[in-house]
Structures are given as C-alpha cells and as structure tokens.
Amino acid sequence: MDEELFRQTYSIHGRDFDKAGETAAHIKQILRELGLDAGLVHRAVIIAFEAEMNVVMYADEGTVTFTLTEDALKLEIADQGPGIEDIELALTEGYSTATDQMREMGFGFGMGLPNIRKNSDDFNLVSEVGKGTTVSAMIQLNSSA
Amino acid sequence: MPELTHGFKIDRDKCDGHLACMRACPTQAVRVREGKAHVLPDLCVDCGLCLTACPSGAIRAETRSFAEFDKFKYKVAVPSPVLFGQFPMAVGPGHIVAGLLGMGFDAVWDFTVELALVNRAILDYVERWEGPFPLLSVSCPVVVRLVQVLYPSMVDQLIRVQVPRELAGLEAKQKFSEQLGIPPDDIAAIYITPCQAKSISILKPAEGAKSNLEGALGISDVYNNILALTHTLQEDQVQLASNHSICSGAMLRWTINEAQGQILQRHRYMSVTGLANVIQVFDDIEKGKLRNIEYLECDACWGGCIGGNLTVDNIYVTRSKLHRLLAEVPAAAPQVQAEVERRYPATDFSLKGRVRRRTTNDGPTDLRERVRRMKVEEAVTRALPGLDCGLCGAPSCGAFAKDVARGTGQRSDCVFLREGRLRELKTTYLSRRKKPPEIGEQFGVSPPPA
Ligand SMILES: Nc1ncnc2c1ncn2[C@@H]1O[C@H](COP(=O)(O)OP(=O)(O)O)[C@@H](O)[C@H]1O
Ligand SMILES: [Mg+2]
C-alpha cells in the first residue's frame, strides 16, 4: 500500500550551524513517538542528519521532505546549491571538500553520503552543477533486519 | 513489563494538589487529578525534585533503618566521600569513622582504591572506544534513568564500567569474609548515600542485575548519631579510627565536581551538573552536536553529589570544608598505588547486565492508529493557549495534548476548552481551606458553597 499516512516538509538554511541538526532531531522525535523500531529510527536519523548537514555546509537553501506510508519511510533532501560535479567521487568514503573550520566543529569526514547510502534500502542522488542536489532515500518499515 | 521500584511515595491524605511537584518534574511524570498528585512510574527517574518542591510535605523518600540490617552478622559502612564534608571542622575524618563504628557498624570501608581503579578503567575504556561519542558517566543513577526514559538512542553511550561503590561492596565482603571466616552472605555492605537515587539504584540497578551492596542509609540518617557520638569519643578511639583507614585526598577530591577531568586530561572531557543543564546538553547530543567530546561526566544534582537530597549542609559550605580538609590529609598513600597495580588486572569492571531503554509500551501496534494519535495530539495542541498553566493537571499543554491523544486525559479538563472546569477546580481547592479567606471577604469575594 502506498497511501501516504504522514508528510512533513522542513526548510533548511545554508551556513546556519546554530540550527543545524534540528530537522533530524524533529524527525527523530516523530518517529520515536510513533514507536518505530529503534534501529529503523537510528538509520532514518543518520540519513536526515547527514543530508541536512550537507545542505548546511555546501548549499544555500534546501528542503527536507519526510513521508510515511504503511510500509516505507521516505526522505527527500533537495537543495539549490552548487551541485556536485563528480557524484562517484562524492560517494567515496573519506572524500570531502569541508573546510578546516567545519572539521573543527566535528563535521566533514567524508562519511556523510556513504553512510546515507549504507542506511537506505533505496538510494538516489541527482545533482546538476549550478542548479542543486537532490538526495532520495527510502527505508522499508517491515524489513526484518 | 517488570515492575519499577521508585523510592518516593506521595501521601494522598497530605497532598494538597499544589502542582509544585508536577511543575518541578523534569520528565513530566506527575499528573494531578481531583486535586491529588500521582506519578506515572514509567517516566519517573527518581531525581527527587518533587520531594524538594512539595510545600505540603506529602512526598517522602523511603529510607531504611539501621535495624533492618541486624540480620547480618557483620556490617560494613561504605561511606560516600561526601559524608566527610558534612560536619563542623572540629569533627574530622577520624571522628566520623569512630562515630560510624560507635553506631554499630563493624567496619568502615575507605574506597580510595576502588575510585582509583575505576578512574583507570574509565580512561582505558575511553581510549579504546570507537564511538559514538560522547561516552556518558554512570555514577549518577538519575542520569542513567534519564537516558533510559528520554534519550533511549543514547543508552549505548553510557560507559560500561562499574561504579566505585559497587566494586567497594564486592571487595569489602570478600575481604572480611576471608578475614573472619564467615560466608559473604552474612556480611552487609551498606552505602552511606548523599541521595535517594543511589539507594534506589542499589535496590534496583538500572542494568537489572543485583547490587553488591545490601542497601543504603542516607547521610542525613546517620548525621545526628555521629555528631552525638563525637562528644563522647576518647582521643585514642579517634586516633585508632584515623589509622584504621580513611580519607586520602584522592578520595575527597572525587566529591568536588570535575574530578574526572584530571584523569582524562589528555582527552576531551566535559562536566555538566544540574538536571536541567544535563537535559539541555543531552538535547544537543541528540541533535548530533558534541560529538567531539569523548567523556561527559553528568550529575543530576547541581554542583555534583555534594548537592544530594540526603545531605545536611549546603553545597557551598561543604565545598569549602572539603577544600580545607584536602589541605590537611595526605594526597594518596603510596600503598594505594600499589594496591591499584595489584588489583587492576584482576578486576572485572563490566556491568552485570545491559542498560536498556525503558519502553513505555502503551501504544497500539498499528502504525495507522499511531499516526492518528499523533495528529490528534497536534490538533489538540493547536487548540490550546500554550500557557502551561497546569490547571488541567498536566505539566504543560504539550503533555496534556499527549494525554488526550493517548486517552488518559480529556479535552474537558482544560479551562480554556471548557469553562465549567474552573468552577470544579474552585470547589475542589477552595473547599479544602480550613479557614475562610477573611481578606477576600472584606473585598466582597466569598468562598463558594462547599
Ligand atoms: N548538497 C551538497 N551540495 C554540494 N556538494 C555536496 C553536497 N553534499 C555533498 N557534497 C560534496 O560531497 C562531498 C562528500 O560529502 P559527504 O560524504 O557528506 O562528506 P562531508 O560532508 O564530510 O564532506 C562533500 O565534501 C561535498 O564536496
Ligand atoms: Mg557530509
């Protein structure tokens, strides 16, 4: 069944390190309130957090859309940032263009995108230089791990 | 679900429904119905703030009496170092130990060695841990329960190293059992605790195992006894007690906040005290911040354990005394270091069970129904003023909305949603007054008919 039970969209502002992480925290709260399996919640939060941080670090404006059906949880993170030139490279573990300052704050170890992919049951990254980037991730709810 | 033991009891007859406990509770575990407070046990973390807040004296901490330990042949006091900072300066560590012996304890255990052992184990653990960070201290049971209830995703960050008091209980029993040739079961190791939470954690450890301690007595329970005895003590008794053990600087320093910072000097260490502050920091951790901190020492009481609810003196006085004591006692005896070296490799620091999230399994299994509840909650929230007045009997509009969605609260309990509610509250509360409000009457306000 694909009927949507729940949908929420959040906007994210680039460079806003103060608010960074709030969307992921909110999604986590919702999922936890809904009593979803802790492992599932954990995976969803990693995806939301890493994608949100990428928007904060590399793009100017973006949105996180979170939808829930009876069997899947979907996250779509879209931004109007600079885009990614070499997607394969960006998906490589450890690859990062983060600044020293970002690293000092504990981000930018080049594990974001790889971890998003690892934690998704279905993952898709579309990007166009100068236009923006969209990350789509899906987690199956009844996939007994 | 296993039954939860809590150390605080509300006396219904004494409760005046003042809402103070409900407002003080950091986990929103108190509700007031028909003018009487009650606790939602799943949410209670044993912090004791309700007890401090209650103006009617209706909440009390369940304590044990010394007599309850009479069935043991040999009783060992394991005093929290906090005890030594509680007395007037003239009452030194020797007096305090002699006082405990005078009360009927057969021995007093100095856990300097266990503190040093645990410090070392923590350092080792931090150095070996691969994440996620920060690791969280477990010596404060309220913090452990807070994580179980409100931050379940962080339970694996609770450091899996046994606390000094537990190691001390085990070691004390082993040692005296060998020395006296009696089975360990005949020996009681009794913690002298600065707070109720630790005594509950001994009765019911968070990891679901059995404690190495037989129970606890509050510092405030032994204080008067010790003080009274110190007047009758002979100088040689005090001297004997001083030699007998106790009180190196290392042990006292532990009670002064940020003690572990010294051990973790080369690591990113942070200390937070006060439950509200701990909650703020945990919220940040949940948001993915503070990943750079390796070890977070957290205490529910502001200022650390010297601020515990079973202490006698206020924390500033205690701290000042501890600093003076520190100047007088030897830092750490060389034999302590030797003991640590000897025991470290053979000590099992692991917790005997796993600390798990505490589930509040009140929800339906059907996702659709759960989403429906959440939407009800949102709708109710939108209809509420957000003033958190508490007159519905829930601590906040948010908590009330949740109660309504869950079916444990009713919209009609909100004075904004139903005017009759205020009239009912007047009846409940004003009719309880013993004297009529004379001043009110002067101004033409009369109490409603009972
Ligand atoms: N939304 C985005 N817009 C532009 N570039 C991005 C975006 N997300 C990721 N990148 C690029 O991909 C690299 C790898 O991303 P990631 O795996 O999250 O690691 P990190 O963020 O630690 O650098 C980033 O350093 C950045 O160059
Ligand atoms: Mg990233």
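Strand β1 of chain A, residues 4–13, pairs with strand β2(A) in the antiparallel sense over 9 bridges. That pairing is a good doorway into this structure, which is a predicted model. From there we can visit the ligand held by chain A, and then take a walk through chain B.

**Strands in chain A**

- Let's stay with β2(A), which covers residues 61–69. How many of its 9 residues are buried? The count is 7, so to speak of this strand as mostly covered is fair under the cut-off for buried, under 20% relative accessible area.
- One place to look for the pairing of β1(A) with β2(A) is A:S11, whose bridge partner in β2(A) is A:T63.
- β2(A) also pairs with strand β3 of chain A, residues 72–79; these two run antiparallel and are joined by 7 bridges.
- Here you can look for A:L68, whose bridge partner in β3(A) is A:L73.
- What joins β2(A) to β3(A) along the chain? The link is a hairpin of 2 residues.
- A general point to keep in mind while you look: in a regular strand, side chains alternate between the two faces of the sheet.

**Ligand 1 and its surroundings**

- There are 18 residues around ligand 1, and those that come nearest are A:Y58, A:S96, A:T97, A:G110 and A:L113.
- By type, the residues of this shell divide into 9 nonpolar, 8 polar and 1 charged.
- Which helices of chain A each supply at least two residues of the shell? They are α2 (38–58) and α5 (112–119).
- The side chain of A:S96 has an N or O atom 2.5 Å from an oxygen atom of ligand 1.
- Another oxygen contact involves A:N54: an N or O atom in its side chain is 2.9 Å from an oxygen atom of ligand 1.
- A nitrogen atom of ligand 1 takes part too, lying 2.9 Å from an N or O atom in the side chain of A:D79.
- How much of ligand 1 does the protein cover? On its own, ligand 1 has 530 Å² of accessible area, and the protein covers 93% of that.

**Chain B as a whole**

- Chain B has 450 residues, and 52% of them count as buried.
- Its secondary structure includes 18 helices and 11 strands.
- Among the contacts in chain B with a separation of 6 or more, 77% are between residues 24 or more positions apart.
- The accessible surface of chain B is about 21300 Å², and carbon and sulfur atoms account for 51% of it.

**A parallel sheet in chain B**

- Three strands of chain B form an open sheet in the order β7-β11-β10, with parallel pairing.
- Why is one side of β7 (135–136) and of β10 (269–273) left without a neighbour in the sheet? Both stand at the edges of the sheet and have a single partner strand each.
- β7(B) is joined by 2 bridges to β11(B), residues 295–299, and the two run parallel.
- To find this pairing, look for B:L135, which stands opposite B:Y295 in β11(B).

**The loops on either side of β7(B)**

- B:P134 sits in the loop between α4 (112–128) and β7 of chain B.
- The peptide bond between B:F133 and B:P134 is cis, with omega about -5°.
- On the way from β7 to α5 (141–150) of chain B, the loop contains B:V138.
- Is B:V138 buried or exposed? With a relative accessible area of 14%, B:V138 is buried.
- Leaving out residues up to four places away in sequence, B:V138 touches B:V144, B:L158, B:I159, B:V161 and B:V163.
- B:V138 and B:V163 are 25 residues apart along the chain, and their C-alpha atoms are separated by 7.2 Å.

**Two residues with positive phi**

- As a general rule, most residues other than glycine have a negative phi, and most peptide bonds are trans.
- B:Q28 has a positive phi, near 55°, and is found in the loop between α1 (20–24) and β2 (30–33) of chain B.
- At 30% relative accessibility, B:Q28 counts as partly exposed.
- B:L290 also has a positive phi, near 60°, and lies in the loop between α12 (275–286) and β11 of chain B.
- B:L290 is partly exposed, with a relative accessible area of 26%.

Note on methods
Residues numbered from 1 in each chain as written. Chains lettered and ligands numbered in written order. Predicted model: local features only at pLDDT ≥ 70, side-chain atom pairs only at ≥ 80, totals over all residues. Heavy atoms only, no water. Helix = DSSP H or I, 4+ residues; strand = E, 2+ residues; numbered from the N terminus. Buried < 20%, exposed > 50% of the residue type's maximum accessible area, 1.4 Å probe, protein only. Contact = heavy atoms within 4.5 Å. Areas by Shrake-Rupley, 256 points an atom, 1.4 Å probe, with all protein chains shown as cover. Pairing = 2+ DSSP bridges. Near = heavy atom within 4 Å. Polar contact = N/O pair within 3.5 Å; in protein donor to acceptor, adjacent residues only side chain to side chain. Nonpolar A, V, L, I, M, F, W, Y, C, P; charged D, E, K, R; others polar.
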